[in-house]
Structures are given as structure tokens and as C-alpha cells.
Amino acid sequence: MRLGKVIWIILCAVFISGCIPSSKVLEEVQLIQALGYDYVNDQEFEVTAGSTYTPPGVQSEPQNVSFSAVGSTSKQTRQELQAQSPRPIEIGRVGVIIFDQEMARNGIANLIDNIQRDPNIGRDISLVVSQGKSKDILSEKNAQDESVSQYVINIIKQNMERSIPEINLHHFLFQYRGIGLDPFMPLIEKKEDILEVTGVALFDEDKLIDTIDLKEGYILKILYEKIRKGIFEVDLKKDKHVSIQNLSSNTKYKPEKRGSEYKIKVSITMDGRVMEGGELDLTKKKNIEKIEKKAEKMLESEALDLLGKLQKLNVDPLGLEEKLRQKGFTDWKKKYEELQFEVKADVHVIQAGIME
């Protein structure tokens, strides 16, 4: 091999190796999995970083660790967090950011701006509002044999699959900065030693306006996205309830203009399977039809109630403004309260499940 070719290969190897980022040993860094922001006053907030640390050794198990600092800027608090840690803090593994309700009500625009500008934080992380301080959640010592931070991440993602609309930083920024959309976040609460997803937090721009419970959150999910999971409970008679597993549902919106009045026709289709039959004989067609008709009426009623509630709050998480813009709708904020809704549901029970 010619000398020039050898030198060229050596130079290429050196150049390529210089482009590869240096590896970091897990035992030598403090991986932050969750961040919490709690309101202190109009100038300051408290940041809590939830982390795990794996001590050296083959049989070592990860340990929960949390750090907290009060400040008026993200950079200041991060520096104070770093001062508390014996290892360099790395935030590239952050999976969830929690804002307590008071923080969210006072506005989170500056925090959101700093978060989305940070190249170390991914756009797929979850944003959450907590009833109570996020510090109390992230400082918990044990949570079902896994790190507290990972437990929070898992419970939010599991509920977004089944109970509430899916949302992450990317979607929140789209809603927050887009025209004709208001953002929302999952709502969580620590009840004694149990952490629960309790509903959805509704925002007007960057400020929390109100919350809806878990049942309303599922109706919002049906109205917001195509879904294939979740349970819809139907009240047939007193003390007789039927649970329908949502196998597939889809919602379509049809705006209409009549003179100076605007209406949106909402069409909901759902295919489901009866999981609990309320002691009905589900081999009989008339009982299946009875369940379908009752489910349709309840779904229509609950959807109308939620749409009316969103109108009164003057928030638009469903993007109705954009749907009406194509029909020449103007002065949205002024006329949103006058908008009429007509909801039609079509429920088809395609399987009755296995009843004992």
C-alpha cells in the first residue's frame, strides 16, 4: 500500500473519531427524568428535578433522588440544582414536566419558551398540570418498584392511550401558537400515596382557565381524535349499567351557515363490545339494539354538555374556529357563545364479549 494512501486512511480515522460525541457512563452523571415547577410568588418559582442514580456495582439498583431550587429564571434554578448534585446533571432523558395549578393559572409562557428552546429536551415529552405541588410528587421515595419519575411518565402515557386526549410538547406548542386552537394538558393529583390522572386542564393561551374530570376527559378524547381504546358506561335502568369497550370511534364536524347564524353538526360513530351486560341476555338482538340506542342518547347528551361547557369557558381545544373559518366565520371570541351544536351518535355493538 502506498504511503500516501496510508496517511489518508489515518487522517480519515482521526477526523471521524473527532465527530463522535464522547460517551458518558451512567454512574458518573445524574440523569433527570422529570421536572416540576411550583408557584412561589409573582417573581419566583420552585423547580424540582426528579432523578435516579445507579451506584457502582453489578447488583446495584437505581435509587430515587430529587433536587429543588427557588429562583426567577430557569438558568438560575438549574445552576442551583447543579450545585446540589455530586455528579453532572443531564436533562436529555426528561420525559415529563409538571406545573402546579397555581403556576399554570399565573401563566407559563416564559417557561414554555425556555423549554422549547432547549435542544436537550425532546418534543415528545409530556406536559402535565398537578393538583398540589409537583415537589410532593417527585420527592416521593417509592412508587410501585420503579423510579418515581418513570412512574409519573408511565401513568400519564397509559391514560392518554385510554382515557384522555394525547398531548405532548410538540402538540402543545402547535395549539398554543396556532390559530383557532387552545391548548390543554393532563391533570394529575396525589391522593395520600396514590398518584392519579383526574382529568384535563384547559388553557386559554398560556394560562389555566379550568379543569374537567376524567369522564369529561374521555368525551373530549372522543371529540378530539380517532381512538380504539377506553370504556363508555351506559345507564340502562336504576342500578343496571353496561360497559362498552370502544373498539373504534371517529368524530366529524360539518359547519353550516344560515343567515347570520352558525351551526356545527357533530357526527360520532363508535364500534364497541359489551364488557358488562347488566344481567341482560346478549344473545337477543332486541337487547343489543336497546344498548345501542341508550348509548347513542348518552353520548349525544354528554358531548353537548361538554361543548356547552367549553363555550362558557370561551376555550376551544377542538379547533372549532379553524373548522368554521372556511365558512367565513369572523369575530370568533365574540360569537363563539352564540354557536349552535347538533350532535348525532351512531353506536354499533359488533361483539357482545363473553358473559358468565
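In which loop is the place of glutamate 205? In this predicted model, glutamate 205 sits in the loop between β8 (194-204) and β9 (207-213). Its backbone is worth a look, since glutamate 205 has a positive phi of about 60° although it is not a glycine. Glutamate 205 is also exposed, and its relative accessible area is 53%.

Asparagine 314 invites a similar visit. Here too a residue that is not a glycine has a positive phi, of about 60°. The loop that holds asparagine 314 lies between α9 (285-313) and α10 (320-325). With a relative accessible area of 26%, asparagine 314 is partly exposed; the cut-off for exposed is over 50%.

Strand β1 offers another picture. In β1 (30-39), 10 of the 10 residues are buried, so the strand is largely enclosed by the rest of the structure. Three pairings can be followed from β1, beginning with β2 (45-53). The strands β1 and β2 run antiparallel and are joined by 8 bridges, and a hairpin of 5 residues connects them. Within this pairing, alanine 34 has glycine 50 of β2 as its bridge partner.

The other two pairings are parallel. Strand β5 (residues 96-100) pairs with β1 over 4 bridges in the parallel sense, and here tyrosine 37 is matched with phenylalanine 99 of β5. Strand β4 (residues 89-90) also runs parallel to β1, joined to it by 2 bridges. In that pairing, the bridge partner of leucine 31 is glutamate 90 in β4. As a reminder for reading such strands, side chains in a regular strand alternate between the two faces of the sheet.

The search then turned to enclosed space. Rolling a probe the size of a water molecule over the atoms shows where empty space is left. Over the whole structure, 1 cavity of 30 Å³ or more is found, and the volume of the largest cavity is about 100 Å³. The lining of the largest cavity consists of Ile32, Leu35, Tyr37, Val47, Ala49, Ser74, Thr77, Arg78, Leu81, Ile89 and Ile91. Two or more lining residues come from each of β1 (30-39), β2 (45-53) and α2 (74-84). Helix α2 gives the largest share, 4 residues. By character, the lining divides into 8 nonpolar residues, 2 polar and 1 charged. Tyr37 is thus a handy landmark for the reader: Tyr37 lines the largest cavity, and tyrosine 37 is also the bridge partner of phenylalanine 99 in β5.

Technical notes
Residues are numbered from 1 along each chain as its sequence is written. This is a predicted model: local features need pLDDT of at least 70, side-chain atom pairs count only at pLDDT 80 or more; totals for chains, interfaces and linings use all residues. Side-chain values use heavy atoms; hydrogens and water are left out. On a 1 Å grid over the protein atoms alone, a cavity is a set of points where a 1.4 Å probe fits but cannot get out, and a pocket is an open set with protein on both sides within 12 Å along at least five of seven lines; lining residues have an atom within 4 Å of a point. Grid points are joined across faces, edges and corners, and a volume is the space filled by probe spheres set on the points. Ala, Val, Leu, Ile, Met, Phe, Trp, Tyr, Cys and Pro count as nonpolar, Asp, Glu, Lys and Arg as charged, and the others, Gly among them, as polar. Buried means under 20% relative accessible area, exposed over 50%, partly exposed in between (1.4 Å probe, protein chains only). Two strands pair if DSSP finds at least two bridges between them.
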